[in-house]
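Open the structure in your viewer and keep the sequence panel beside it. The tour below goes from one selection to the next and says what is found at each stop.

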Amino acid sequence: MRESVTTMQEIDANSTRIDFCLQRISKYGCSDSFRELYNHYYNRLFRQALYYLNNNPDYAQEVVSDVFIALWQGRAVLSEVKSPDDYLFIALKHAAARYIEKNYKHRRELLTENLPDIQSDDLLGDLNLIDRELRDKYREALNLLPPRCAEVFRLVREERKKYSEVAELLGISVKTVDNQMNKAVKMLYAQLKENLFFIFF
């Protein structure tokens, strides 16, 4: 009985700590808290990615890396996350689905019964249709951003430029780039919160 109580206490403590990390990442861009979040979840996410990707460690590592990159890019809304486990594992599933879709023609061995919602050509077509609809919503939301904010977000998100590169290109500070990204993510989240993962993957 004592062991069971201790385990529940540990679970509660871990949950509280992760919530604290999310708050610090969201509000302050705390790299130490992000590293703690990474260390806490990496092995679990990696094992799940292996399950989705036919036990290929290279593909799994790439997908998990994509998840954490997207989390950092979207960190401004992490303070809104109520269930970190659900949030991260849904993100992982979306990332794995997107990875398989992008590499479908060249890596057919990725198709697996473990991710049944993208098994057939018909379903891949459905996914493409959803993508088009989401892209339209995304573009509409992006057009609502202030011009400089939208420009920064496009350079970082769509052109995959580093903050330092964007700062040099636009003649602004890295801190300003970070502020503009946080502003963009918050505004986009308000418009697209049900489809947030699709913005970043």
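**Stop 1: the second largest cavity**

Select Leu22, Leu37, Leu71, Leu78, Val81, Pro84, Tyr87 and Leu88, the residues that line the second largest cavity. The model is a predicted one. By class, this lining has 8 nonpolar residues, no polar ones and no charged ones. Helix H4 gives the largest share of the lining, 3 residues. The space inside the second largest cavity comes to about 50 Å³. A search of the whole structure for cavities of 30 Å³ or more finds 2.

Keep Leu71 selected and show what surrounds it. Leaving out residues up to four places away in sequence, Leu71 touches Phe34, Leu37, Leu78, Tyr87 and Leu88. Of these, Leu37, Leu78, Tyr87 and Leu88 also belong to the cavity lining.

**Stop 2: the whole chain**

Now zoom out and colour by secondary structure. The chain has 9 helices and 0 strands, and reading along the sequence gives the pattern α-α-α-α-α-α-α-α-α. The chain has 201 residues, of which 42% count as buried. Take the contacts between residues at least 6 apart in sequence: 60% of them join residues at least 24 apart.

**Stop 3: the largest nonpolar core**

Which residues touch the most other members of the largest nonpolar core? Select Phe68, Leu71, Leu92 and Phe153; they do so in a core of 51 residues. The elements that contribute two or more residues to this core are helix H1 (2–28), helix H2 (31–52), helix H3 (57–73), helix H4 (84–102), helix H5 (121–143), H6, helix H7 (163–170) and helix H8 (174–192).

**Stop 4: helix H6**

Select residues 147–158, which form helix H6. With 12 residues at 1.5 Å a residue, H6 should span 16 Å, and its end C-alpha atoms are 15 Å apart, so the two values agree. The buried residues to colour in H6 are Cys149, Ala150, Val152, Phe153, Leu155, Val156 and Arg157. Phe153 was also on the list at the previous stop, as one of the core residues that touch the most other members.

Within H6, pick Leu155. Is Leu155 buried or exposed? Its relative accessibility is 7%, and buried means under 20%, so Leu155 counts as buried. Apart from neighbours within four places in sequence, the residues in contact with Leu155 are Arg160, Lys161, Val166, Leu169 and Leu170. Draw a distance from Leu155 to Val166: their C-alpha atoms are separated by 6.8 Å, and the two residues are 11 apart along the chain. Arg160 follows H6 and has a positive phi, near 55 degrees.

**Stop 5: Ser33**

Go to helix H2 and select Ser33. With a relative accessibility of 4%, Ser33 counts as buried. Its contacts, with neighbours within four places in sequence set aside, are Cys21, Arg24 and Ile25.

**Stop 6: two partly exposed residues**

Select Glu80, in the loop between H3 and H4. Its relative accessibility is 44%, so Glu80 counts as partly exposed. Glu80 and Gln23 are 57 residues apart along the chain, and 8.6 Å separates their C-alpha atoms.

Then move to Asn179 in helix H8. Asn179 has a relative accessible area of 39%, so it is partly exposed. A distance drawn from Asn179 to Cys149 joins residues 30 apart along the chain, with their C-alpha atoms separated by 9.0 Å. Cys149 leads back to H6, where it is one of the buried residues.

Terms used
Residues are numbered from 1 along each chain as its sequence is written. This is a predicted model: local features need pLDDT of at least 70, side-chain atom pairs count only at pLDDT 80 or more; totals for chains, interfaces and linings use all residues. Side-chain values use heavy atoms; hydrogens and water are left out. Helices (H or I, at least four residues) and strands (E, at least two) are DSSP runs, numbered from the N terminus. The expected span of a helix is 1.5 Å times one less than its number of residues. Buried means under 20% relative accessible area, exposed over 50%, partly exposed in between (1.4 Å probe, protein chains only). A nonpolar core is a set of buried Ala, Val, Leu, Ile, Met, Phe, Trp, Tyr and Cys residues joined through side-chain atoms within 4.5 Å. Contact means heavy atoms within 4.5 Å. On a 1 Å grid over the protein atoms alone, a cavity is a set of points where a 1.4 Å probe fits but cannot get out, and a pocket is an open set with protein on both sides within 12 Å along at least five of seven lines; lining residues have an atom within 4 Å of a point. Grid points are joined across faces, edges and corners, and a volume is the space filled by probe spheres set on the points. Ala, Val, Leu, Ile, Met, Phe, Trp, Tyr, Cys and Pro count as nonpolar, Asp, Glu, Lys and Arg as charged, and the others, Gly among them, as polar.
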